[in-house]
Each structure stands twice: as C-alpha cells, then as structure tokens.
Amino acid sequence: MEISFDKRRLMYNNSQDLYFITYNIILILYYLECVGKDKQFKDYRKLVFLIPIISNSKGTTVLLDYYKAKNKANRNITLEISRLYYDSIENITLIRYVLLILERKEIITLVTENNKTNLYLNRVERCERIANDKRFDMEKGRIIKLKKGIHRLGTINYMTFVDNFFKRNGVAIWESY
C-alpha cells in the first residue's frame with residue numbers, strides 16, 4: 001500500500017494542480033497590487049512563467065539574476081531558463097481555464113484589449129485570508145522580492161518580459177510579435 005502512495009506522490013505535478021495555480025494567481029495579483037481597473041496585471045500569459053518562478057527560490061533567484069541579462073548565463077543556467085520556458089508555455093490553456101473560473105466566481109475581472117487579456121482582483125477582501133495565510137509566506141516573500149527587483153513586473157508587456165528574460169538568455173522563443 002505504501003509503495004503505490006509513494007509512486008503517486010512522485011508522479012504528482014504542481015503545474016497541473018488547479019488549487020496550486022489558483023492560490024498563486026491570487027497571491028501574485030494581491031502582492032503586485034493589481035487590485036482595480038487602473039492597476040491591471042497586463043497580459044495573463046506572464047502568469048505561466050511567474051507561477052513556477054515564485055514556487056521555488058531557485059526560480060526567483062534565476063529571474064532576478066538574469067532578467068535583462070544582468071549576468072551572463074552559463075550553459076546550465078541557459079538550460080534551466082529554457083526548461084522553464086518550454087515547460088511553462090504548455091500551461092497557457094490551463095491558466096486560462098482557471099482564470100475563467102475565477103472570473104465566474106467574481107474573484108477577478110478579465111479585460112480584453114489590443115490582442116491581450118489583462119486582469120485584476122475584483123474583490124480584494126475575499127482574497128485577504130489567502131494572501132495573509134502563513135502557509136504562503138515563502139511565495140509572498142518571493143513575489144515581494146520580484147516586485148522590488150523588476151520594476152513594473154505586473155504592467156510590463158508579455159513580449160517585453162519574454163524578450164528580457166528568455167530571449168536575452170539564449171532561449172529560442174515560439175511567439176511572434
């Protein structure tokens with residue numbers, strides 16, 4: 001019995017867990033202060049990268065150290081950044097699905113403009129309990145660190161983010177302008 005439990009645990013993938021994605025979206029929007037029409041998070045597609053980045057300290061450190069090519073990425077770092085890009089890009093549909101659920105529950109508002117979908121927390125008071133929960137202290141700390149280290153993280157364009165982090169570090173990107 002224990003062997004099958006361990007096997008399932010090893011096969012578990014956070015990136016496909018709807019609850020994991022949901023609370024990370026709420027935390028990102030809350031701590032980047034994307035809480036109204038005037039403070040929208042620009043282009044939801046950035047979330048596919050930010051969720052795994054804030055989920056571990058290594059991802060946060062890599063983004064802060066190599067965003068806008070602050071440091072020259074060696075082969076291992078380039079492989080790590082490439083893996084992050086290719087693993088994350090596959091989750092755009094899943095992120096969109098979660099966002100539609102959150103919009104239906106009136107937790108967020110989605111705003112479509114100029115071929116991109118922006119979003120913001122609709123009812124901040126409903127999210128404060130999650131945002132202040134001690135279980136998410138590590139994620140909160142990483143989001144705050146990113147907010148301090150990357151100016152306008154919530155409002156920069158998706159392609160600007162992709163160019164400044166992935167393309168500048170040698171990742172062949174799929175998107176076009």
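Two residues are in contact here when they have heavy atoms within 4.5 Å of each other. With that in hand, here's a walk through this predicted model.

**The overall layout**

The protein has nine helices and two strands, and along the sequence they run α-α-α-α-α-α-β-β-α-α-α. Of its 177 residues, 49% are buried. If you take the contacts with a separation of 6 or more, 70% of them join residues 24 or more positions apart.

**The core and F165**

In soluble globular proteins, nonpolar side chains tend to be buried together. The largest nonpolar core in this model has 59 residues, and L47, F49, F165 and F166 are the ones with the most contacts inside it. Helix α2, residues 18–31, is the top contributor to this core, with ten residues.

What does F165 touch, leaving aside its neighbours within four places in sequence? The list is I53, V62, L63, Y66, Y67, I81 and L84.

**Helix α2**

Why call α2 largely enclosed by the rest of the structure? Because eleven of its 14 residues are buried. Those are F20, I21, Y23, N24, I25, I26, L27, I28, L29, Y30 and Y31. They pack against helices α3 (47–54), α6 (92–104), α7 (124–131) and α8, and also against strands β1 (108–113) and β2 (116–121).

The length of α2 checks out too: at 1.5 Å a residue, its 14 residues should span 20 Å, and the end C-alpha atoms are 20 Å apart, so the two agree. At the N-terminal end, D17 acts as a cap, using a side-chain oxygen that reaches the backbone nitrogen of Y19. After the helix comes E33, with a positive phi near 60 degrees.

**R142, a buried charge**

R142 sits in helix α8, residues 137–149. Which side chain of opposite charge is nearest to R142? That would be E139, at 5.0 Å. A salt bridge needs a side-chain nitrogen of Lys or Arg within 4 Å of a carboxyl oxygen of Asp or Glu, and R142, although buried, has none.

What R142 does have is a polar side-chain atom 3.4 Å from the backbone oxygen of S55. Leaving aside neighbours within four places in sequence, R142 is in contact with I54, S55, N56, S57 and T60.

Here are the distances for the polar and charged pairs in one place:

| Pair | What is paired | Distance |
|---|---|---|
| D17 and Y19 | side-chain oxygen to backbone nitrogen | 2.9 Å |
| R142 and S55 | polar side-chain atom to backbone oxygen | 3.4 Å |
| R142 and E139 | side chains of opposite charge | 5.0 Å |

Note on methods: Residues numbered from 1 in each chain as written. Predicted model: local features only at pLDDT ≥ 70, side-chain atom pairs only at ≥ 80, totals over all residues. Heavy atoms only, no water. Core = buried A, V, L, I, M, F, W, Y, C linked by side-chain atoms within 4.5 Å. Buried < 20%, exposed > 50% of the residue type's maximum accessible area, 1.4 Å probe, protein only. Helix = DSSP H or I, 4+ residues; strand = E, 2+ residues; numbered from the N terminus. Lys, Arg positive; Asp, Glu negative; His and termini not counted. Polar contact = N/O pair within 3.5 Å; in protein donor to acceptor, adjacent residues only side chain to side chain. Expected span 1.5 Å × (residues − 1).
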